Structure formats: C-alpha cells, structure tokens
Amino acid sequence: ESSNQVLYYQRVWKEIQKTWDPQKEYSYGFWGVNENTRALLSLIRENYPKARLTDIYDMFKTVSYEGLVSKAPRELGRYRDQQDYYVIVTAYLASRVVPDICDECGFPMERSFRCERNFILPEDLMKAPADEGDIS
C-alpha cells in the first residue's frame, strides 16, 4: 500500500503550496499519524521553515508524535479565529468526518487540508475499525 500512499498526500501538498507563503509563519496540526504525516512533515519543514507543528489530533487513541501528545479533534475550536492555523488531516477515515467536527467546534473547513481516497481498497473491508491503524 505504501506505493499508493504518495498519491494521497500529493494533492494535499499541492494545496499547501497554493495556500502558504514560504516567508510567512504558520502553525498547524496533524490529524492522524501515518506515512502521509511523515511525508508531509518532511516537505513542510524543508519548504516552510517558519511553519510550526503545534498539535496532533486523534479521535480514538492517545498517540505521541514529534514530542506532542494527541488531543481530541474538537479542540480545533480553540483555533477558529487564528487565521494562520491549519489542520492537515492525514487519516483517511477522519477526512470523512472533518465537515461535522468543523461544524461542531466552529473551525473553518477552508483551513483544513485533507488526504482523501476516493476509492475503497479490499484491505479496508477486511480490517475491523478496532485494529485499523489508520483510523484517527
């Protein structure tokens, strides 16, 4: 599956490049920790030296990544008025609930970048949500 993963974060990377100015400061959080997260973190650090990773979000479990401990996605509401704060949703299943969570906590959807798959792989159907490492 890792060979296909490139496609999932590539579109988000293009969106970030269209939206962010390399000279400006941004804060951002990742919702989900997986291969997309690692790839995007590396690209962002290389190309947007002033952007700071400040949060990790996960709906189901406590994860720690890059020295940050995950929090519930609803906490995005704290940043609703901070124009330079973005959330990058790298967990595929989470990308489907982003509109609801944003609606609920008042975080603007336009400040979210979502890694989305428009298709279901056979292995998605064989995994029970309880042990799916990608659900965040």
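Reader: Happy to look at this one with you! How many bridges join S5 to strand S6?

Author: In this predicted model, S5 and strand S6 (residues 112-114) run parallel. Along this pairing, Val89 stands opposite Arg114 in S6. The number of bridges joining S5 to S6 is three.

Reader: Through which helix does the chain cross from S5 to S6?

Author: The connection is a β-α-β crossover, and its hand is right-handed. The chain leaves S5 and reaches S6 by way of residues 92-105, which form helix H3.

Reader: And on the S1 side, which residue of S5 does Phe30 stand opposite?

Author: S1 and S5 also pair in the parallel sense, over five bridges. Within S5, the residue opposite Phe30 is Ile88.

Reader: Nice. Is S5 largely enclosed or not, and how many of its residues are buried?

Author: Let's take the faces in turn. In a regular strand, side chains alternate between the two faces of the sheet. One side of S5 carries Tyr85, Val87 and Val89, the other Tyr86 and Ile88, and all are buried. S5 is therefore largely enclosed by the rest of the structure, with a buried count of five of the five residues.

Reader: Good to know. How many aromatic pairs does the structure hold, and is the pair of Trp20 and Tyr86 stacked or edge-to-face?

Author: The structure holds 11 aromatic pairs. For Trp20 and Tyr86, the ring centres are 5.5 Å apart and the planes meet at 65°. Planes over 60 degrees apart count as edge-to-face, so this pair is edge-to-face.

Reader: How many residues apart in sequence are the parts that this pair ties together?

Author: Trp20 lies in the loop between helix H1 (2-19) and strand S1 (26-31), while Tyr86 lies in strand S5 (residues 85-89). The pair therefore ties together parts whose separation in sequence is 66 residues.

Reader: What is the relative accessible area of Tyr85, and how is its ring arranged with Tyr79?

Author: Tyr79 and Tyr85 form a pair with 3.6 Å centre to centre and 5° between the planes, which is stacked. Tyr79 counts as buried at 12% relative accessibility. Tyr85 is buried too, and its relative accessible area is 0%.

Reader: One last thing: what share of the contacts between residues at least 6 apart join residues at least 24 apart?

Author: As a backdrop, the protein chain has four helices and six strands, in the order α-β-α-β-β-β-β-α-β-α. Of its 136 residues, 47% are buried. For contacts between residues at least 6 apart in sequence, the share joining residues at least 24 apart is 73%.

Notes. Residues are numbered from 1 along each chain as its sequence is written. This is a predicted model: local features need pLDDT of at least 70, side-chain atom pairs count only at pLDDT 80 or more; totals for chains, interfaces and linings use all residues. Side-chain values use heavy atoms; hydrogens and water are left out. Helices (H or I, at least four residues) and strands (E, at least two) are DSSP runs, numbered from the N terminus. Buried means under 20% relative accessible area, exposed over 50%, partly exposed in between (1.4 Å probe, protein chains only). Contact means heavy atoms within 4.5 Å. Rings of Phe, Tyr and Trp (its six-membered ring) pair if their centres lie within 6.5 Å; planes under 30 degrees apart count as stacked, over 60 as edge-to-face and the rest as tilted. Two strands pair if DSSP finds at least two bridges between them. A crossover is right-handed if, with the strands pointing away from the viewer, the path from the first strand over the helix to the second runs clockwise.
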